Amino acid sequence: MDIGCAVMILLLAAVDQGLAAGFAGVPDLDALRTLLGIPAEVTPVGVIPIGHPAPDKRSPSIKRGRRPKEEIIHRERW
């Protein structure tokens, strides 16, 4: 749980600085250790790429507007 909390704080801090970030698990730890020079006694749980976000594109569905609630809410039948 400590790792999850630390990752969440780091992701929130990146966004707070106007950056984009995301957590990615790593299926091949040996390859990651070789790539980044991580010592054998350290066990990585994933990577967090951080960078500048791409420009935001508005969804085309915004032009469509909201669908009536009767189309999307189903009560005990379809």
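Start by selecting histidine 52, an exposed residue with a relative accessible area of 73%. The model in the viewer is predicted. Histidine 52 sits in the loop that runs between strand S2 (50-51) and helix H3 (61-64). Now add valine 15 to the selection. The two residues are 37 apart in sequence. In space, their C-alpha atoms are 9.7 Å apart.

**Zoom out: the whole chain**

Clear the selection and colour by secondary structure. The chain has 4 helices and 2 strands. Read from the N terminus, the order of elements is α-β-α-β-α-α.

Switch to the C-alpha trace. Along its principal axes the trace spans about 60 × 35 × 25 Å. The radius of gyration is 20 Å, whereas a compact globule of 78 residues would have one near 12 Å.

Next, colour by relative accessibility. Of the 78 residues, 6% count as buried. Turn on the molecular surface too. The chain exposes about 7200 Å². Carbon and sulfur atoms supply 59% of that area.

A contact map is worth a look here. Take the contacts between residues at least 6 apart in sequence: 49% of them join residues at least 24 apart.

**Stop: arginine 33**

Which residue forms a salt bridge with arginine 33? Select aspartate 30 and show both side chains. Aspartate 30 is the partner, and the closest N and O atoms are 3.7 Å apart. A search of the whole structure finds 1 salt bridge.

Why are these two separated by about one helical turn? Arginine 33 and aspartate 30 are 3 residues apart in helix H2 (residues 29-36), so about one turn of the helix lies between them.

Are the two residues buried or exposed? Arginine 33 counts as buried, because its relative accessibility is 17% and the cut-off for buried is under 20%. Aspartate 30 is exposed, with a relative accessible area of 54%.

Keep arginine 33 selected and show the backbone of valine 42. The arginine 33 side chain reaches the backbone oxygen of valine 42 at 2.9 Å. Now expand the selection to the contacts of arginine 33. Leaving out residues up to four places away in sequence, arginine 33 touches Ile38, Pro39, Ala40, Val42, Thr43 and Pro44. Valine 42 thus appears twice at this stop: its backbone oxygen is reached by the arginine 33 side chain, and Val42 is among the residues arginine 33 touches.

**Along helix H2: leucine 36**

Stay in helix H2 and pick leucine 36. Leucine 36 is exposed, with a relative accessible area of 53%. Arginine 33, in helix H2 as well, counts as buried at 17% relative accessibility.

Draw a distance from leucine 36 to glycine 22. It reads 18 Å, C-alpha to C-alpha. The separation in sequence is 14 residues.

**Into the loop: proline 49**

Move on to proline 49, in the loop between H2 and S2. Proline 49 counts as partly exposed, with 48% relative accessibility. What does proline 49 touch, not counting residues up to four places away in sequence? Select Ala20, Ala21 and Gly22: those are its contacts.

Try a second distance, from proline 49 to glutamine 17. Their C-alpha atoms are 14 Å apart, with their positions 32 residues apart in sequence numbering.

**Last stop: a nonpolar patch**

Bring the surface back and select Ile3, Phe23 and Val45. These three form a nonpolar patch on the surface. Together they have about 270 Å² of accessible area.

Finish on isoleucine 3. Isoleucine 3 belongs to helix H1 (residues 2-16). At 49% relative accessibility, isoleucine 3 counts as partly exposed. The exposed class starts over 50%, so isoleucine 3 falls outside it.

Methods: Residues numbered from 1 in each chain as written. Predicted model: local features only at pLDDT ≥ 70, side-chain atom pairs only at ≥ 80, totals over all residues. Heavy atoms only, no water. Buried < 20%, exposed > 50% of the residue type's maximum accessible area, 1.4 Å probe, protein only. Patch = residues over 30% accessible without salt bridge, like charges linked within 9 Å, V, L, I, M, F, W, Y side chains within 5 Å. Areas by Shrake-Rupley, 256 points an atom, 1.4 Å probe, with all protein chains shown as cover. Salt bridge = Lys/Arg side-chain N within 4 Å of Asp/Glu carboxyl O. Rg over C-alpha atoms; globule rule 2.2 N^0.38 Å. Contact = heavy atoms within 4.5 Å. Polar contact = N/O pair within 3.5 Å; in protein donor to acceptor, adjacent residues only side chain to side chain.
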